[in-house]
Amino acid sequence: AKVKPLFKNVDMDYYVLSAAHSIWIAVINKDEKRGLEFQLDCSKSRGMVCERGTAMKTHDVVPAGHMQVLMVLVANDLTHGFQWKSSFGFAARRKEKQIHEPAFEDDDLYVPCSLFD
């Protein structure tokens, strides 16, 4: 049987890594021509803080052929437990535009990394 891609017409991978008391969320845009606009919402998570601003939401355009860590959530207080919930939306973009909300520094772990360098 032929396996159907999870996301039609978008060549991407979405990763969630649970490490210790944190959740790491990343996207790989494998398309070599189009940027990937990605909105992530973790505002319904409980007992967690976002290392990238306080809104628990991100909006990014991951450039063609790049990987980007979108969010790192960390348990706020282990004695009270935590719950992680997310929702997201995405679209391939023919015209590259720079969107990174919340913003980050040039040497931050959230800076998109080229797959081809």
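## K30 and D13

In this predicted model, K30 pairs with D13 in a salt bridge whose closest N and O atoms are 3.3 Å apart. K30 sits in the loop between β2 and β3, while D13 belongs to strand β1, so this pair ties together parts that are 17 residues apart in sequence. In general, side chains of opposite charge can pair when their charged atoms come close.

How exposed are the two partners? K30 has a relative accessible area of 34%, and D13 has 23%. Because partly exposed covers values between 20% and 50%, K30 counts as partly exposed, and D13 counts as partly exposed too. The pair also has company: D11, D13 and K30 are linked in a network of salt bridges.

## Other salt bridges

How many salt bridges does the structure hold? There are seven, and two more of them are worth a visit here.

One joins the side chains of R93 and E37, with 2.5 Å from N to O. This pair links distant parts of the chain, as R93 lies in strand β7 (residues 87-93) and E37 in strand β3, 56 residues apart. R93 is partly exposed at 32% relative accessibility, whereas E37 is buried, with a relative accessible area of 9%.

Another brings together the side chains of R52 and D60, at 2.8 Å from N to O. Are these residues buried or exposed? R52 is buried, its relative accessible area being 3%. D60 is buried as well, at 0% relative accessibility. The cut-off for buried is under 20%, so both R52 and D60 meet it.

## The surroundings of S22

Now let us turn to a serine. S22 is located in strand β2, which covers residues 22-29. With a relative accessible area of 10%, S22 is buried, because that value falls under the 20% cut-off.

Which polar partners does the side chain of S22 have? A polar atom of this side chain lies 2.7 Å from the backbone oxygen of A19. The side chain of S22 also makes a polar contact with the side chain of W24, at 3.3 Å. Leaving aside residues up to four places away in sequence, S22 touches L17, L73 and V74.

Terms used. Residues numbered from 1 in each chain as written. Predicted model: local features only at pLDDT ≥ 70, side-chain atom pairs only at ≥ 80, totals over all residues. Heavy atoms only, no water. Helix = DSSP H or I, 4+ residues; strand = E, 2+ residues; numbered from the N terminus. Buried < 20%, exposed > 50% of the residue type's maximum accessible area, 1.4 Å probe, protein only. Polar contact = N/O pair within 3.5 Å; in protein donor to acceptor, adjacent residues only side chain to side chain. Contact = heavy atoms within 4.5 Å. Salt bridge = Lys/Arg side-chain N within 4 Å of Asp/Glu carboxyl O.
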